Amino acid sequence: MQPLKGTHNPRIFPDTDALNRHAARHIQALAAEAIARRDEFHIALAGGSTPERLYRLLASAAYRSTIDWRKVHVWFGDERCVPPDHPDSNYRMAREALLAHAPISGERIHRMAGELDPALAVARYADTIETHLPRAHNDAPIFDLILLGLGPDGHTASLFPQTEAPSVTDRPVAAAYVPKFNTWRITLTLPVLDNARHLMFLVAGAGKASIIDVIFNSAGGHERLPVEMITAVGEVTWWLDASAAAEINKDSPPRITNPGNS
Ligand code: 6PG
């Protein structure tokens, strides 16, 4: 188990373009490895705004042909409880940025049904996971890769502080009422994040510098954040731009990853 605190060596890039280029290459490599070993690649997409440009890059001519999309299953780490064509829908963002442009067949795109009653959407998604994903020894499903963002309050996926969802450990999907937004969300639960073969955190912008500071520099003493509750069995990598990483090496400028390697 790799407590998140022990995550070392964040990949820090001068800007989001460089971050997205290297993250895309990493995703390509993980897809190729999974497909070579198991003839399929199960990736759960992150929502929010940060990953949109990465998804557009993956759908671009320069990258699209480097992934065998016929073998890819696309999942979602979380979803807002809105219809799939709603401006807030993570599915809508992913469809417009990637899914409508890559040769992925519809039955391999597993959307969380944000338009349904949250409990029903949770049950349906859990059934779909049951159908398609291998199980770990603790019965948690195993995704090859889960992309994750990070909120300024330390939430990831839709595991928000002071809500029920981070404490759900007996099932793979949960509904979460988020008071600060007065909305319901659907989210993968911590055991699923813990059992992924790879977790990639994509964090960009100065607005994330203080939460990155807390996660990477604090010696504790604060209420454990949902993102800090992850005890991953697989590889955890952090992909940051220099703005988000500004506080990581306070006594020296953030280490900028050599653009030549990912
Ligand atoms: C969502 C996401 C959420 C997101 C963070 C960061 O549905 O909003 O899953 O966890 O990744 O809130 O969002 P930004 O990328 O917009 O900063």
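# Pocket, cavity and sheet in a predicted model

The largest pocket encloses about 300 Å³ of space. The structure described here is a predicted model. Of the 23 residues that line the largest pocket, the closest to its centre are Gly-47, Gly-48, Arg-80, Leu-150 and His-155. Two elements, strand E5 (78-80) and strand E6 (145-148), each give two or more residues to this lining. By character, the lining of the largest pocket comprises nine nonpolar, ten polar and four charged residues.

How many cavities of 30 Å³ or more does a search of the whole structure find? The search finds one. The volume of the largest cavity is about 60 Å³. Its lining consists of Ile-27, Phe-41, Ile-43, Leu-45, Leu-58, Ile-67, Trp-69, Val-72, Val-74 and Leu-98. Strands E3 and E4 are the elements that give two or more residues to this lining, and E3 supplies the largest share, with three residues. The lining of the largest cavity holds ten nonpolar residues, no polar residues and no charged residues.

Strands E3 and E4 also belong to an open sheet of six strands, with parallel pairing and the order E2-E11-E9-E6-E3-E4. Strand E2 (11-13) and strand E4 (72-76) stand at the edges of the sheet; each has a single partner strand, so one side of each is left without a neighbour in the sheet. On average, neighbouring strands of this sheet are turned by 20° against each other, direction ignored. As a general principle, the strands of a sheet pair through backbone hydrogen bonds, either parallel or antiparallel.

The table sets out pairings of strands in this model.

| Strands | Sense | Bridges | Residues facing each other |
|---|---|---|---|
| E2 and E11 (residues 235-241) | parallel | three | Ile-12 and Leu-240 |
| E3 and E6 | parallel | two | Ile-43 and Leu-145 |
| E6 and E9 (residues 198-203) | parallel | four | Leu-147 and Met-200 |
| E7 (residues 173-178) and E8 (residues 183-188) | antiparallel | six | Val-173 and Leu-188 |

Strand E6 can be followed through several of these descriptions. In the order of the sheet, E6 stands between E9 and E3. Which way do the residues of E6 point? Leu-145 and Leu-147 point one way from the strand, whereas Ile-146 and Leu-148 point the other way, and all are buried. Leu-145 stands opposite Ile-43, a residue that also lines the largest cavity. Leu-147 stands opposite Met-200 in E9. E6 also gives two or more residues to the lining of the largest pocket.

At the edge formed by E4, a helix is packed against the strands in the following way. Helix H4 (residues 90-99) lies across strand E3 (41-45) and E4, and runs at about 150° to E4.

Strands E7 and E8 pair in the antiparallel sense and form a hairpin with four residues between the strands. In this hairpin, Asn-182 takes a positive phi near 50°.

The last residue to be considered is Ala-246, which lies in the segment after E11. Is Ala-246 buried or exposed? Ala-246 is partly exposed, because its relative accessible area is 37%, a value between the limits of 20% for buried and 50% for exposed. Ala-246 and Ala-209 are 37 residues apart in sequence, and their C-alpha atoms are 6.0 Å apart in space.

Note on methods: Residues numbered from 1 in each chain as written. Predicted model: local features only at pLDDT ≥ 70, side-chain atom pairs only at ≥ 80, totals over all residues. Heavy atoms only, no water. Pairing = 2+ DSSP bridges. Axes fitted to C-alpha atoms, helices over the stretch in contact; angles between N-to-C directions. Contact = heavy atoms within 4.5 Å. 1 Å grid on protein atoms, 1.4 Å probe; cavity = no way out; pocket = protein on both sides within 12 Å on 5 of 7 lines; lining within 4 Å. Points joined across faces, edges and corners; volume = space filled by probe spheres on them. Nonpolar A, V, L, I, M, F, W, Y, C, P; charged D, E, K, R; others polar. Buried < 20%, exposed > 50% of the residue type's maximum accessible area, 1.4 Å probe, protein only.
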